[in-house]
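Reader: I am new to this structure and should be grateful for a close look at a single part of it. Please choose one part, describe it in detail, and then relate it to the rest of the chain.

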Amino acid sequence: MTRTRVRVVPKGPVLVPGPVRIEVDDGRVVESDRFMVAICTCGRSREYPLCDTSHRRCRRVEGVGPAPN
């Protein structure tokens, strides 16, 4: 069995080794061939579902990502 390591960055994205194919709720499919892909958890990325570092300047959107501590 192949194991994939996923890293959750506190107050940041989920890092997944690439390449990846992401299927979004609205039916869109986003593909990335990068060696490491950052997936947005704050919901504010202009490149959603990919992270554009918006979490650095914005507060968490209610219902998206983990609750703050």
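Author: Strands are DSSP runs of type E of at least two residues, and helices are runs of H or I of at least four, both numbered from the N terminus. The model is predicted, so local features are reported only at pLDDT of at least 70 and side-chain atom pairs only at pLDDT 80 or more, while totals for chains, interfaces and linings use all residues. Residues are numbered from 1 along each chain as its sequence is written, and side-chain values use heavy atoms, with hydrogens and water left out.

The part chosen is the hairpin formed by strand 3 and strand 4, with 5 residues between the two strands. Strand 3 covers residues 20-23, and strand 4 covers residues 29-32. Two strands count as paired if DSSP finds at least two bridges between them; here 4 bridges join the antiparallel strands. Within this pairing, Glu23 stands opposite Val29 of strand 4. In the turn, Gly27 has a positive phi of about 95°.

In a regular strand the side chains alternate between the two faces of the sheet. Strand 3 shows this alternation: Val20 and Ile22 point to one face and are buried, whereas Arg21 and Glu23 point to the other face and are not. Buried means a relative accessible area under 20%, exposed means over 50%, and partly exposed lies in between, computed with a 1.4 Å probe on protein chains only. By these limits, both Arg21 and Glu23 are exposed.

The charged side chains of the hairpin deserve separate attention. A salt bridge is a side-chain nitrogen of Lys or Arg within 4 Å of a carboxyl oxygen of Asp or Glu, and the structure holds 3 of them. Arg21 meets Glu23 in one salt bridge, at 3.7 Å from N to O. Arg21 also forms a salt bridge with Glu31, where the closest N and O atoms are 3.0 Å apart. Because Arg21 belongs to strand 3 and Glu31 to strand 4, this pair ties together parts that are 10 residues apart in sequence. Glu31, like Arg21, is exposed. Arg21, Glu23 and Glu31 are thus linked in a network of salt bridges. A further salt bridge joins Arg28 to Asp26, with the closest N and O atoms 3.2 Å apart. Of its two partners, Arg28 is partly exposed at 37% relative accessible area, and Asp26 is exposed at 56%.

The backbone before the hairpin also merits notice. Most residues other than glycine have a negative phi, and most peptide bonds are trans. A cis peptide bond, with omega about 0°, joins Gly18 and Pro19, and Pro19 lies in the loop between strand 2 (14-17) and strand 3. Lys11, although not a glycine, has a positive phi of about 60°; Lys11 is found in the loop between strand 1 (7-8) and strand 2 and is exposed, with a relative accessible area of 77%.

Similar features occur in the segment after strand 5 (36-39), where Pro49 lies. Tyr48 and Pro49 are joined by a cis peptide bond with omega about 15°. Thr53 lies in that segment too, and has a positive phi of about 70° although it is not a glycine.
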